[in-house]
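Colleague: I am new to reading structures of this kind, and I would like to learn how one goes from a single residue to the whole chain. Could you take me through it step by step?

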Amino acid sequence: GLARDKLSLAQFELANDYMAAGLLDRAERLLKDLSNEQGEVKWRSLELLMEIYQQEKDWDRAITCALSLLPKQGAEIRPVLAHYCCEKATILMANEENTLARRELKRALNYDTGCVRASLLKGHLEAQTGHYREAVKAFRRVKEQDPSYLPESIPQLSECYRELGKEKEHREFLLDCLQKKPSITLVFAVADLLYGKSGQEEQAQQFISEQLAARPSLKGVLHL
C-alpha cells in the first residue's frame, strides 16, 4: 500500500541490506528493477549495480551501467569506464586475443585520454608483439598524461628504443623527462645510457651523486 516513491526507497534500502549480507544476486534483482524508475533512485541503483558487477568482475555489465550513468556523472564516470576497458584488455592479452585487446585499450583512451594504465598496457602489448614503434608511442604518451608514472614506463621503453636503434632519440627523451619530472629511476636510466655502455663508471657515479645531492633518495644511495 505504499506510494510508488516510498516503495522504491524501501526496495533500495533492502537491496543495500542484501549487499551488506553478501546476497548479491538478490540485491541485483531489486536494483535492476529500480534502475528503470525515474529520479534519484535510478542513479543510486545504477551505482550499486556497477559496484556489484565490479566485485564479480563482470566488466561488460559494469560498462553498461557506467554508460547509463554517463549523462549524469560524465567527468566522474569516464575514468571508471576507462579502467573497466583496461580490465577487459588485460584478460584478452592473457588469452593472446591481441586485436580485441587493442580495441578495448582504444576505447579506454576514448573515454579518458589521461588514462595512464591504458597507455602502459598498450605499450606492453606492442612491445611483446614486436611492434616497437607503436610501443614507444604509447609509453611516451605517459609523459603528457601523468609524469609521475614515468618510472613505470622507462625500463620497457628503453628496451624498445634499443630494438629500434634510436639511442639519440632515447637520450633526448630521458633528459627532457629528467628536467621536467625528476625521479631516481630516470636518473639510473640516464646514467646507464650515457655512461654504462662506455664503461665510464666514475662519470656515472659523479652524475648520480650530483642528482642525489639535489634530490636525496635511499634507493639512489643503495644503487650508488
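Modeller: Let us begin with one residue and its surroundings, keeping in mind that this is a predicted model. If we set aside the neighbours within four places in sequence, G123 is in contact with A135, A138 and F139.

Colleague: Where does G123 lie, and is G123 buried or exposed?

Modeller: G123 belongs to helix 7, which covers residues 116-128. A residue counts as buried when its relative accessible area is under 20%, and G123, at 0%, is therefore buried.

Colleague: How far apart are G123 and K219 in sequence and in space?

Modeller: Here the two kinds of distance have to be kept separate, one counted along the chain and one taken through space. G123 and K219 are 96 residues apart in sequence, and their C-alpha atoms are 26 Å apart in space.

Colleague: Which residues does S35 touch, leaving out those up to four places away in sequence?

Modeller: S35 touches K42, S45, L46 and L49, and S35 itself sits in the loop between helix 2 (24-34) and helix 3 (40-55). With a relative accessible area of 12%, S35 is buried, although it is placed in a loop. For another distance, S35 and S68 are 33 residues apart in sequence, while from C-alpha to C-alpha they are 9.5 Å apart in space.

Colleague: S45 was on that list, so where does S45 lie, and what does S45 contact beyond its neighbours within four places in sequence?

Modeller: S45 is part of helix 3, and beyond those neighbours S45 is in contact with F12, L31, L34 and S35. Its relative accessibility is 0%, so S45 counts as buried.

Colleague: Which way does the sign of phi go for K57, positive or negative?

Modeller: Phi of K57 is positive, near 60 degrees, and K57 is a residue other than glycine. K57 lies in the loop between helix 3 and helix 4 (59-69), and with a relative accessible area of 57% K57 is exposed. E96 can be read in a similar manner: its phi is near 60 degrees, again a positive value in a residue other than glycine. E96 is found in the loop between helix 5 (74-94) and helix 6, and at a relative accessible area of 67% E96 is exposed.

Colleague: Now for the whole chain: how many helices and how many strands does the chain have?

Modeller: The chain has 13 helices and 0 strands. To judge overall form, one can set the radius of gyration beside the value for a compact globule: for 224 residues that value would be near 17 Å, but the chain has 24 Å. The C-alpha trace spans about 85 × 40 × 30 Å along its principal axes, and buried residues make up 41% of the 224 residues.

Colleague: In which helix is confidence lowest, and in which is confidence highest?

Modeller: A general caution comes before the numbers: where pLDDT is low, the predicted coordinates should not be read in detail. In this chain the pLDDT averages 86, and 96% of the residues score at least 70. Confidence is lowest in helix 11 (residues 184-196), with a mean of 74, and highest in helix 6 (residues 98-111), at 97.

Notes: Residues numbered from 1 in each chain as written. Predicted model: local features only at pLDDT ≥ 70, side-chain atom pairs only at ≥ 80, totals over all residues. Heavy atoms only, no water. Helix = DSSP H or I, 4+ residues; strand = E, 2+ residues; numbered from the N terminus. Rg over C-alpha atoms; globule rule 2.2 N^0.38 Å. Buried < 20%, exposed > 50% of the residue type's maximum accessible area, 1.4 Å probe, protein only. pLDDT = per-residue confidence, 0-100. Contact = heavy atoms within 4.5 Å.
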